[in-house]
Amino acid sequence: MTESSTPDLRMSSAPPPPPAPASAPASAPAAAAASAPASAPANGAPTGAEMARATEVLRIISASYSAKMVGQDRLRTSLLVSLIAGGHILLESVPGLAKTTAASTLADTVKAQFRRIQCTPDLLPSDITGNQIYDAATGSFRTVLGPVHANFVLLDEINRSSAKTQSAMLEAMQEHQTTIGGEIHHLPKPFLVIATQNPIEQEGTYELPEAQMDRFLLKEIVEYPSPAEELEVLSRIDSGVLDPDRHVASAVSLDDVHLLQDVASRIYVDPAIRNYIVSIAYVTRNPAPYIGEERARFIKYGASPRASIAFLQASRALALLKGRSHVLPEDIRELRHLVLRHRVLLTFEADAEGIRSEDIIDQIFASVPTP
């Protein structure tokens with residue numbers, strides 16, 4: 001990395017700002033688009049009618065989701081950001097916090113195919129992707145597609161499957177296709193993988209490798225409900241709302257999801273915010289001058305360029321969720337844990353001293369000036 005391309009963020013009581021982008025940002029997205037055309041979406045900014053329709057679709061999805069789910073607003077936001085951004089999400093929590101219910105409810109809300117895969121140590125790659133079966137009647141092989149060929153795929157307790165089975169998901173998650181018997185089969189659009197893992201039961205589990213963790217756009221930690229929310233859960237069980245055989249009515253179509261993804265891809269991101277994203281990623285890889293040697297020694301690996309891409313895509317989706325046609329620095333800060341907690345890997349020493357990745361991420365953000 002040359003001197004001109006390295007963010008100048010030397011550690012001090014008042015760190016200097018990142019290097020100015022090639023085109024000086026204007027105060028409003030419309031004006032900035034004129035001064036920095038390279039940063040504007042290729043298909044033009046979303047129109048007022050498109051933003052209004054997208055806002056209405058998101059309102060309908062949220063209302064249908066809340067009709068069955070109690071609380072978990074942060075989880076709903078994370079799922080919608082992943083869906084709109086076209087990425088995948090990893091959910092981590094103890095059992096019983098409605099991760100499966102949230103995934104199936106979102107799929108019901110959108111008229112989409114939903115498949116749940118219970119991961120176990122004896123699960124084979126072909127159990128996920130599909131296989132070729134000999135048909136005695138015709139004397140030939142026929143291809144049977146696996147459950148991964150759906151719009152929403154829930155991989156329950158993904159860390160219970162073997163490394164070989166986990167690797168079978170890499171092509172599907174990254175390339176949106178599977179290969180069966182030498183033939184390529186494209187996955188439907190949209191395609192969202194919602195994987196869950198249980199952090200308290202490690203016996204008989206296989207830790208996800210860094211390569212697969214990096215392929216998840218976001219990682220959400222699902223927390224316990226409040227007492228009031230838990231009381232509401234009991235009431236809804238009595239009323240039958242949470243009956244497994246009772247599904248919410250489909251509120252929107254796949255075309256509506258495609259609209260959301262298209263509008264989000266054209267949300268404006270100012271050059272100053274792009275520079276902010278790259279500076280944050282750079283500091284995760286070179287932390288000592290910015291957060292100090294004492295804290296930097298806890299970081300084993302920094303974030304890959306996928307982190308910058310994830311910030312760009314997820315911030316556009318979050319801006320759309322908030323009804324804006326442009327990204328603000330606050331969107332990047334709000335996404336910091338979701339994007340980085342599984343990409344900024346800490347040492348065993350950090351774990352022994354009770355240092356969380358979220359703590360290090362907060363310090364990294366504090367060291368980078370907000371545009």
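The following paragraphs describe the fold, the nonpolar cores, the aromatic pairs and the largest pocket of a predicted model.

The protein chain of the predicted model contains 17 helices and eleven strands, and 46% of its 371 residues count as buried. Among the contacts in the protein chain with a separation of 6 or more, 79% are accounted for by residues that stand 24 or more positions apart.

In soluble globular proteins, nonpolar side chains tend to be buried together. In the present model, the largest nonpolar core comprises 71 residues, and those with the most contacts inside this core are Ile280, Phe311, Leu320, Ile332 and Leu340. The element that gives the most to this core is helix H13, spanning residues 305-321, with a contribution of eight residues. Apart from this core lies another one, made up of 20 residues, among which are Phe191, Val193, Ala195 and Phe216.

The surroundings of Ile332 illustrate how the larger core is put together in sequence terms: when neighbours within four places in sequence are left aside, Ile332 is in contact with Ile273, Tyr276, Ile277, Ile280, Phe311, Ser315, Val327 and Phe365. Leu312, which is found in helix H13, has its C-alpha atom 8.5 Å from that of Ile332, although the two residues are 20 residues apart along the chain. With residues up to four places away in sequence not counted, Leu312 touches Val269, Arg274 and Ile277; Ile277 is also one of the residues in contact with Ile332.

Four aromatic pairs were counted in the model. One of these is formed by Tyr282 and Tyr290, whose rings are arranged edge-to-face, at 6.3 Å centre to centre and with 65 degrees between the planes. Tyr282 has a relative accessible area of 13% and is therefore classed as buried, and Tyr290 likewise counts as buried because its relative accessibility is 10%. Ring pairs also link Tyr276, Phe311 and Phe365 into a cluster, and these three residues are included in the list of contacts given above for Ile332.

A further buried position is found outside the helices and strands, in the loop between strand S4 (140-145) and strand S5 (152-156), where Gly146 is located. Gly146 counts as buried because its relative accessibility is 11%, which lies under the 20% cut-off. From C-alpha to C-alpha, Gly146 and Gly130 are 3.8 Å apart in space, while in sequence they are 16 residues apart. Leaving aside neighbours within four places in sequence, the residues in contact with Gly146 are Ile128, Thr129 and Gly130.

The largest pocket has a volume of about 1200 Å³. Its lining consists of 32 residues, of which Glu207, Met213, Lys219, Arg341 and Leu345 are the closest to the centre of the pocket. By class, this lining is divided into twelve nonpolar, nine polar and eleven charged residues. At least two lining residues are supplied by each of helix H7 (210-213), strand S9 (218-221), strand S11 (345-346), helix H16 (348-352) and helix H17 (357-367). The largest share of the lining, three residues, comes from H16.

Key:
Residues numbered from 1 in each chain as written. Predicted model: local features only at pLDDT ≥ 70, side-chain atom pairs only at ≥ 80, totals over all residues. Heavy atoms only, no water. 1 Å grid on protein atoms, 1.4 Å probe; cavity = no way out; pocket = protein on both sides within 12 Å on 5 of 7 lines; lining within 4 Å. Points joined across faces, edges and corners; volume = space filled by probe spheres on them. Helix = DSSP H or I, 4+ residues; strand = E, 2+ residues; numbered from the N terminus. Nonpolar A, V, L, I, M, F, W, Y, C, P; charged D, E, K, R; others polar. Core = buried A, V, L, I, M, F, W, Y, C linked by side-chain atoms within 4.5 Å. Buried < 20%, exposed > 50% of the residue type's maximum accessible area, 1.4 Å probe, protein only. Contact = heavy atoms within 4.5 Å. Phe/Tyr/Trp six-rings, centres within 6.5 Å; stacked < 30°, edge-to-face > 60°.
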